[in-house]
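Here are my notes on the model you sent over. Have it open on the screen while you go through them.

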Amino acid sequence: QVQLVESGGGLVQAGGSLRLSCAYSGSILRISAMGWYRQAPGKQRELVASIASSDSTNYADSVKGRFTISLNNARNTLYLQMNSLKPEDTAVYYCAAADGRLTGRLGDYWGRGTQVTVSS
């Protein structure tokens, strides 16, 4: 099992920045990829960014050039640096991990989420 705990959400004005963190623990050697999802009220959960064990990254078109995902294995922490925030970035942000011994897809494990609110 893998445990994921997000932090770093909050209220920020449009154009501002936030850095989300996701501390992971447990059977971390089983993690094959990690990512950030978000879910706005009344909308489906969507993938924001992901990073594989090869360090290759992938971003939703809506956040390319503004968000950066990174992994610090020494600290067992996943980050999402969010710059130039827009009101449409308002959502609950979830950390997700893939387990190579389960489905191998993001969503094998989820954090509880952290709220990000961007005011106009």
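The points below take the strand pairing, then the salt bridges, then the disulfide.

1. First, a reminder: this is a predicted model. Please read every distance and angle below in that light.

2. Let's start with strand 4 and strand 5. Strand 4 covers residues 31-39 and strand 5 covers residues 46-52, and the two run antiparallel with six bridges between them. If you want a place to check the register, look at G35, which sits opposite S50 of strand 5. The two strands make a hairpin, with six residues separating them. In its turn, have a look at G42, whose phi is positive at about 75°.

3. Strand 5 also pairs with strand 6 (residues 57-59), again in the antiparallel sense, this time over three bridges. S50 is handy here too, as its bridge partner in strand 6 is N58. So which residue takes a positive phi in the hairpin of strand 5 and strand 6? That would be D55, with a value near 75°, and this hairpin has four residues between its strands.

4. While you have the strands on display, one general point may help with the side chains. Along a regular strand, they alternate between the two faces of the sheet.

5. On to the salt bridges, of which there are five by the rule used here. One of them joins R30 and D99, with the closest N and O atoms 3.0 Å apart. R30 is in the loop between strand 3 (18-26) and strand 4, while D99 belongs to strand 9 (residues 91-99), so this contact ties together parts of the chain that are 69 residues apart in sequence.

6. Is each partner of that pair buried or exposed? R30 has 24% relative accessibility, so it counts as partly exposed. D99 has 0%, under the 20% cut-off, and therefore counts as buried.

7. D89 deserves a careful look. D89 forms a salt bridge with R38, where the closest N and O atoms are 2.9 Å apart. This pair links distant parts of the chain: D89 is in the loop between strand 8 (77-82) and strand 9, R38 is in strand 4, and they are 51 residues apart. Both D89 and R38 are buried.

8. D89 also meets R66 in a salt bridge, at 2.8 Å from N to O. R66 lies in the loop between strand 6 and strand 7 (67-72) and D89 in the loop between strand 8 and strand 9, so the pair ties together parts 23 residues apart in sequence. R66 is buried, as is D89. Which residues make up the network of salt bridges here? They are R38, E46, R66 and D89. I'd show those four side chains together in a figure.

9. Last, the disulfide. The structure holds one, and it joins C22 to C95 with an S to S distance of 2.1 Å. The link is left-handed, with -80° about the S-S bond. C22 is in strand 3 and C95 is in strand 9, so the pair ties together parts that are 73 residues apart in sequence.

10. Why do the two cysteines count as buried? C22 comes out at 0% relative accessibility, so it falls under the 20% cut-off. C95 is also at 0% and therefore counts as buried.

Technical notes: Residues numbered from 1 in each chain as written. Predicted model: local features only at pLDDT ≥ 70, side-chain atom pairs only at ≥ 80, totals over all residues. Heavy atoms only, no water. Pairing = 2+ DSSP bridges. Salt bridge = Lys/Arg side-chain N within 4 Å of Asp/Glu carboxyl O. Buried < 20%, exposed > 50% of the residue type's maximum accessible area, 1.4 Å probe, protein only. Disulfide = S-S within 2.5 Å.
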